[in-house]
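Open the model in your viewer and keep the selection tool ready. We will go from the whole chain to one ring pair and then to a pocket.

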Amino acid sequence: MKTIIHKAESRGFANHGWLQANHSFSFASYHNSEKVHFGALRVFNDDIIAPKMGFGTHPHDNMEIITIPLKGVLKHKDNMGDSWIPVLPNEVQVMSAGTGVQHSEINGSADEHLSLFQIWIFPDKQHVEPRYDQKKFEASDRKNKLQILVTSIDENHEGSLKIHQDAIISRIDLDSNIDFEYKLKSKNHGVYMMTINGKVLIDNDILETRDAVGIFDTESFSIIAEQDSSLLFIEVPMEF
């Protein structure tokens, strides 16, 4: 098993006043030649957005974009006919940019900061028709068990959102002292795991809130929760 540890404080950071952004991988003005991507995972941003502020209309193409609000309310608008749709904590949003899409994202609250993860994954198909979807996932369904959020559009997995890549995004909330084994889909896959909060032990490495680890060249790995912990897994092909 091979691992790459990314401690929370090692991430790129940008303070735009209205936006506090932490970058796990090179993004915008932050560049680190050792942190460009993890397999098909290109971007993992941990953003805090001030009330009523956000990103104006901007374009994307040929990228799978996943947004996971953690606190507050995100509002989304695009040129596919979606007008200021709210996306709340325990919901996940996916967008296949494909041939091109224009969208806007704002903090939909007048007085509460918005905290979210934004994830970009390289697609396995170019120039697809753009698409948008979102879904609510009950927190109770990830209590000490894996909750699948996103899978490939080519997979017949019921209940998950779909993207154009052989990827799996999932969450789990572990009680303290629980031991959990994560099994990878194939030997070509790796997992980028973010500790949303808590403290876990993996292969003698302690990972605390917002620490992350990339794991590959293994069929499975074990996680021991040192305290109540919430984890996000992004499993992607390492070669694509």
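What share of the contacts in the chain with a separation of 6 or more comes from residues 24 or more positions apart? With contact meaning heavy atoms within 4.5 Å, the share is 72%.

This is a predicted model, where local features need pLDDT of at least 70 and side-chain atom pairs pLDDT 80 or more, while totals for chains, interfaces and linings use all residues. Residues are numbered from 1 along each chain as its sequence is written, and side-chain values use heavy atoms, leaving out hydrogens and water.

Show the whole chain as a cartoon: you will find 22 strands and zero helices (DSSP runs numbered from the N terminus; strands E, at least two residues; helices H or I, at least four). The C-alpha atoms fill a box of roughly 45 × 40 × 40 Å along the principal axes.

Next, select Phe44 and Phe117. Their rings make an edge-to-face pair, 5.0 Å centre to centre with 70° between the planes (pairs have ring centres within 6.5 Å; edge-to-face means planes over 60 degrees apart). Phe44 lies in strand E4 (residues 41–49) and Phe117 in strand E11 (residues 114–121), so the pair ties together parts 73 residues apart in sequence. Both Phe44 and Phe117 are buried (under 20% relative accessible area, 1.4 Å probe, protein chains only). Now add Phe25, Phe38, Tyr192 and Phe216 to see one aromatic cluster with Phe44 and Phe117.

Conventions:
Phe/Tyr/Trp six-rings, centres within 6.5 Å; stacked < 30°, edge-to-face > 60°. Buried < 20%, exposed > 50% of the residue type's maximum accessible area, 1.4 Å probe, protein only.
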